[in-house]
Amino acid sequence: MRLTPLVGAVAGLALVLTACGGGSDDEKKPAETKAVALEGRGPITFVTGKDTSGNLQKQIDAWNAGHPNETAKVIELSDKADEQRNSMIQNAQAKSDAYTVLNLDVVWTAEFAANRWIAELPEADLGVDKLLKPTVETGKYFNKLYALPADSDAGLLYYRKDLLTKAGITEAPKTWKDLFAACDTIKAKVAEAKDAGCYGGQFDKYEGLTVNASEAINAGGGQVVDGATGKPNVNTPEAKAGLDVLVNAFKDGHITKKAITYTEELGRADFQAGNLLFHRQWPYQYALAQDKKSSKVVGKFDVAPLPGVNGLGVSTLGGHNFAISEFAKNKATAVDFLKYMTSPEVEKANALVIGKAPSVAALYDDPEVVAKFPYMPALKTAIENAQGRPKAVKYGDVTTAIQEAAYGALTGKTTTDQALSDLQNKLVTLTAQ
Ligand code: GLC
């Protein structure tokens, strides 16, 4: 279930904390922005996290061939979300025009829009009706569009189907309990799995941990931010039960010790090397793990919905939206570039090569895409049911608080009780500012 989004606390425009998705019109104060004219034509830059697909430059080359006077140059940043955010903030604070189009994580819209680092977009002109609804909500701030969804994301459970089958297990586990039991059975029965880690996710102290901790909290029936009131509500028995699954699995070894350093890319390396039985990961891993050049698990794995405590789990909503820097010169060119990059043709080509979750809804049922990536219809459902992360102007502080609480509990530095009670207090303070 998606949360019913409500505005939590608003002090001026300093901070809005709600479930990702924005509030209803009458509860929202209009943003006091002066719409910037999207003018200027000429060369632009496209600033993005590391391209793991290898496909981006091809799309840029095609754009450049058709726009010789308005070429786009890719500026590739780190593969870690927090480092990308830092680079983009530094550029904005310097009011530099070096970055034109920004590939923003879905959780950064409020912060970038409230600080006037990105320009309001001409929503009526951008064909948002063809995009998945939850993705469009992530691009809005006070009901205005600041970032156009270019891809979506939901977590999937990657599992070694070959080893499950060898151990006589016919279905992917639906609960954590079943998942850990499956590992024990596989390790007891299948010699080649003896040394593999049971489960890994993204547990290094960065945005990935915010995602994984939130999913665990949701899996226990808890929430970081209450869906009905929009207020922090993480100090609950349900949230503790959820986070405790991870805490206990780190203690008893069901989560491989190394996973405390895992980012998406480090975990992927281990899964592709055959060192993990189960891996929580985004869809982008699928095509890469099927590549014979870099993967030892080609044809050996499948994907399933994330597990929960008493049944299936719920993913955190991920994805990326394209925004235009307020300080960029060639904003009219940037608008056309946004339209091009989110066109069904470009997104389809992208989906076919890398199997990432598109923002264009129809592609999830496109026969060619589904033939190559059979998980697409299930992924669409996972995205529609995904939970948003807090929507906060001070998102950096909010996510740091979540990461610190989760990291402390997972490494045994604090108890789960203490971690979540401290987190609740911090989030309440942040929303009161
Ligand atoms: C993926 C998601 C993004 C998330 C990040 C965390 O890139 O699409 O929303 O914040 O992973 O590492």
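## A loop residue to start with

N143 is partly exposed, with a relative accessible area of 32%. Look for this residue in the loop between strand 4 (140–141) and strand 5 (144–145). Its backbone deserves a second glance: N143 has a positive phi of about 65°, although it is not a glycine. Keep in mind as you explore that this is a predicted model.

Why is a positive phi worth pointing out? Most residues other than glycine have a negative phi. K95 is another non-glycine residue with a positive value, and its phi is near 50°. You will find K95 in the loop between helix 2 (81–93) and strand 3 (101–105). K95 is exposed, because its relative accessible area is 58% and anything over 50% counts as exposed.

## Around the ligand

Which residues surround the ligand? They are D105, V106, D153, Y206, E207, G208, E264, W282, G318, G319, H320 and R389. Several of them place polar atoms beside the ligand's oxygen atoms. In D153, a polar side-chain atom lies 2.5 Å from an oxygen atom of the ligand. For E264, an N or O atom of the side chain is 2.6 Å from a ligand oxygen. G319 uses its backbone instead: an N or O atom there lies 2.8 Å from an oxygen atom of the ligand. On its own, the ligand has 310 Å² of accessible area, and the protein covers 93% of it.

Two of the surrounding residues, Y206 and W282, also have a charged partner over the ring. K80 lies over the face of Y206, 5.5 Å from the ring centre. R280 lies over the face of W282, and here the distance to the ring centre is 4.1 Å.

## K80 and its partner D204

K80 has another partner to look at. The side chain of D204 makes a polar contact with the side chain of K80, at 3.2 Å. D204 sits in the loop between strand 8 (197–200) and helix 7 (207–219). Is D204 buried or exposed? With a relative accessible area of 17%, D204 is buried, because the limit for that label is under 20%.

Leaving aside neighbours within four places in sequence, D204 is in contact with K80, L209, A259, I260, T261, Y262 and T263.

## Rings that meet

Now for the aromatic side chains. The count comes to 18 aromatic pairs. One of them joins Y286 and F373, edge-to-face, with 5.9 Å centre to centre and 75° between the planes. Y286 lies in helix 10 (residues 284–289), while F373 is in the loop between helix 13 (367–372) and helix 14 (376–385), so this pair ties together parts that are 87 residues apart in sequence.

Both rings belong to buried residues: Y286 has a relative accessible area of 9%, and F373 has 2%. The two also belong to one aromatic cluster, made up of Y158, F271, Y286, F301, F373 and Y375.

## Helix 9, mostly covered

How many residues of helix 9 are buried? In this helix (residues 264–272) the number is 7 of 9, so helix 9 is mostly covered. The buried ones are E264, E265, G267, R268, D270, F271 and Q272. You have already met E264 beside the ligand and F271 in the aromatic cluster.

What covers these buried residues includes strand 7 (156–159), strand 9 (276–281) and helix 10. Just after helix 9, G274 takes a positive phi of about 85°.

## Two more buried residues

S359 is found in the loop between strand 12 (357–358) and helix 13. Its relative accessibility is 0%, so S359 counts as buried. The side chain of S359 reaches the backbone oxygen of P149 at 2.9 Å. Not counting residues up to four places away in sequence, S359 touches K130, L131, L132, T135, P149, A150, D151, S152 and E347.

A405 lies in helix 15 (residues 395–410) and counts as buried at 9% relative accessibility. Apart from neighbours within four places in sequence, A405 is in contact with A419 and L423. A405 and M376 are 29 residues apart in sequence, and their C-alpha atoms are 34 Å apart in space.

Key: Residues numbered from 1 in each chain as written. Predicted model: local features only at pLDDT ≥ 70, side-chain atom pairs only at ≥ 80, totals over all residues. Heavy atoms only, no water. Phe/Tyr/Trp six-rings, centres within 6.5 Å; stacked < 30°, edge-to-face > 60°. Helix = DSSP H or I, 4+ residues; strand = E, 2+ residues; numbered from the N terminus. Buried < 20%, exposed > 50% of the residue type's maximum accessible area, 1.4 Å probe, protein only. Lys NZ or Arg CZ within 6 Å of the ring centre and 35° of its normal. Near = heavy atom within 4 Å. Polar contact = N/O pair within 3.5 Å; in protein donor to acceptor, adjacent residues only side chain to side chain. Areas by Shrake-Rupley, 256 points an atom, 1.4 Å probe, with all protein chains shown as cover. Contact = heavy atoms within 4.5 Å.
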